[in-house]
Structure formats: structure tokens, C-alpha cells
Amino acid sequence: MDINNPDNVSAETLSAPVCSEKQSVQLLYQGEPCEDEYPPLPAYQSDSEPEKKEVYIVQVKGLPWSCSAQDLLQFFSECRIRDGVKGIHLTLNRMGAPSGQAFIEMEHEEDVSKALEKHRQYLGPRYVEVFEVTNSDAEVILKNAVHVPADDGVVRLRGLPYSCTESDIVQFFSGLDIVENGITIVTDYQRRNTGEAFVQFSSQQEADEALQRDRDVIGNRYIELFPSRSDEIHSRKGSAPAYTSPLSVNRRTNPRTRWPQSSPQSHYIHMRGLPFHVSGEDVVKFFSPLVVSKILIECGSDGRPSGEADVFFRCHQDAMAAMSKDRQHIGQRYIELFLNSVPECDGR
């Protein structure tokens, strides 16, 4: 027995390399000689953190009420709008009418820059303002805004002839299913037609088809169509607000002269597209040198001017002469005029 090798272990065994416990496990698992270092681990990837997708949004203000997503798509034709029309979000006010604002999703920061170049450019008769907004700001504004109500089947009409009847509206929507007693023609406090109406269709699908007839005509007037809802009908029915301008009698007329109260036989012109800050004096200057007898400037339920007014004249001849001002401007906006007068009502 070798005193230095009491267990009689062979020299080959003694000369074999010694592995640590951890390296021995690796050796048994891999079936390979142990190594001094572990192989590098792959980089850690978390499935709980999805890749963030950047969104670029612009806000557009001052849009015409009749503005559609297609109009904006054309206006921003040099920009890449995400998902086309689906990336354009028009908002409504609390009354269900267009708010004049929209949010547009752009594909890239370059498209936002191009969109901002449209700031203060004209879309139809009005210039629009364009701003860049952050995602969080847009979420807050859109949350407070009212969107097109779903599944209500109501359409609002604007720009109707003042002689328009329910039969005319039925003919306008021929081929579509209107519910019984589903047509409401809005009148003012003197029971005169205001040029607005609401139509309740049998389904939202029918209403969507009706909206495709936007800008079709009744008589010689094109009709604007907007999505609406049932509660707006009740809030507007028979109570379209208006106020009389302080200049109800022109300074060039006899203050004691009393013109007949307005009626369906009065000689007046309806104005549309007025600046919201317009005054009675502005209207008088617009029709000068004709003599204006009375001005009714319409206001919405919030008390703000709607951009429309009725202007009364002494006779049919004056009203006809006033129509020569159609499409002329007050400030930066062109004004549309609509005649509501017949010669046999002059009382002469």
C-alpha cells in the first residue's frame, strides 16, 4: 500500500481535472467537458410592453356647417390621412348640429407640417384654422364633444324653400321609408317656415341613405342634410328663435310709419352665411341704397347668431332689387339671398 495513495487510485484518475459541483451538473447535462464560463444568455424580452405606435393629429376649426369628411379629404389632399375618411372625425355640438371642428389623424410628422400650411386658407366661403394637438389633448376634447348619434334615424334639412310642404320632402326622399308623421317643418314664433325640417326614417340604414342626397335640390335651392336625433326635434319644434335688430326702422324712413306685421305675404329676403358678429347697420349698408324696413337676425338656443337673417322691404319691387346683391360679400364671407315675396301682396 502506498502511504500517499491509500485507496490505490490510479495515476490517470489523479491526473484528471477536477470540476466544481456546478460545473459537474453542466457536464452531466450537456455531456461535454466542463468549461470555465457559461454561454451568454439571450436578451430579455417582455411581452407585457407592446411597441408604441405614434399618432399625429391636427385640429381644424371654423369649418362650414355643411363640411363633410370628403371636403376635408380634398382640402388636405397633399397630406397622408390615416385610413382616409375614417381618420377624419367631425364633431357635433350639444344640439346635434355640426360644431365647425374636426380632428384628423395623419400618417407622419411631415403630413402634420403640410397640414399646418393650410392655416387660415379658405374652405368654401370661410377660412379655417389648423393646429397640432397631442394625443392626450385630442382624447379630452373628443370625449367632451358630441358625435353623430347612432341608431336614431333622424336627418335634419336646411335651406328649404319657405313654400316647402311635407309632400315636397316626401318627394325629395322618394324611395326611402319615412315613419308615419315623421316630418317636422320648423317654424318661428310667427309660424313662418324657417327653412329647416327634421325627418324620422324607419331605420338608421334608411337615414344613412338619405344623407347621400346632401346638396340635391328642391325647386331652385340645394338642400343641406345633417345627421340628427329625436330630442333635437322636440327642442326646435315651433320655436326657432330670432330677435329684432335695434334698427327695426331705418333712419331714412318716417319713425311713425307702421309697416304690417310680418306674415307669409310680407316682402322679405332670407340671408345666409352672415358673419356671426354682423350688426343691423352692416345689413343696411349691404342693401344700400335700398330702404330696409325691418331686420330679424336668427339666434340659436345658446343665444348666439346663427349666421342667418330675414330682411323686410316695403314692396315686392324693392325685394326684387335687393336680390341683385346675391353672392356679394360682407367682410370675407359671401352672402346667399333667397326671395320670399310675390307682387300681388303689395296692396296697391
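This passage describes two strand sheets, a set of aromatic rings and one buried aspartate in a predicted model. Residues are numbered from 1 along each chain as its sequence is written, and side-chain values use heavy atoms, with hydrogens and water left out. Local features need pLDDT of at least 70 and side-chain atom pairs count only at pLDDT 80 or more, while totals for chains, interfaces and linings use all residues.

One open sheet has 4 strands in the order β2-β3-β1-β6, with antiparallel pairing. Strands (E, at least two residues) and helices (H or I, at least four residues) are DSSP runs, numbered from the N terminus. Two strands pair if DSSP finds at least two bridges between them. The edges are β2 (88-92) and β6 (129-133); each has a single partner strand, so one side of each is left without a neighbour in the sheet. From one strand to the next, the twist averages 25 degrees. Strand β1 (residues 56-61) pairs with strand β3 (residues 98-106) in the antiparallel sense over 6 bridges. Lys61 stands opposite Gln101 in β3. Helix α4 (residues 109-116) packs on this sheet and touches β1, β3 and β6; contact means heavy atoms within 4.5 Å. The direction of α4 makes about 155 degrees with that of β6. Axes here are lines fitted to C-alpha atoms, for helices over the stretch in contact, and angles run from 0 to 180 degrees between N-to-C directions.

Another open sheet of 4 strands has the order β8-β9-β7-β12, with antiparallel pairing. Its edge strands, β8 (178-187) and β12 (224-228), each pair on one side only. Neighbouring strands are turned by 25 degrees against each other on average, direction ignored. β8 and strand β9 (residues 193-201) pair in the antiparallel sense over 5 bridges. Ile183 has Val199 in β9 as its bridge partner.

The whole structure holds 8 aromatic pairs. Rings of Phe, Tyr and Trp (its six-membered ring) pair if their centres lie within 6.5 Å; planes under 30 degrees apart count as stacked, over 60 as edge-to-face and the rest as tilted. Phe75 and Phe76 form an edge-to-face pair, at 5.0 Å centre to centre and 85 degrees between the planes. Both Phe75 and Phe76 are buried. Buried means under 20% relative accessible area, exposed over 50%, partly exposed in between (1.4 Å probe, protein chains only).

Tyr162 and Tyr268 also pair edge-to-face, at 6.1 Å centre to centre and 65 degrees between the planes. Tyr162 lies in the loop between β7 (154-158) and α6 (166-172) and Tyr268 in strand β14 (residues 268-272), so the pair ties together parts that are 106 residues apart in sequence. Tyr162 counts as buried at 12% relative accessibility, and Tyr268 at 4%. Ring pairs link Tyr162, Tyr268 and Phe312 into a cluster.

Lys294 lies over the face of Phe312, at 5.0 Å from the ring centre. The charged end of Arg221 sits over the ring of Phe338, 3.5 Å from its centre. A charge sits over a ring if NZ of Lys or CZ of Arg is within 6 Å of the ring centre and within 35 degrees of the ring normal.

Asp310 lies in strand β16 (residues 305-312). Asp310 counts as buried, at 5% relative accessibility. Not counting residues up to four places away in sequence, Asp310 touches several residues, including Tyr162, Tyr268, His270 and Lys294. The side chains of Asp310 and His270 make a polar contact (2.7 Å). Such a contact is a pair of N or O atoms within 3.5 Å; within protein, one must be able to donate a hydrogen and the other to accept it, and residues adjacent in sequence count only if both atoms are side-chain atoms.
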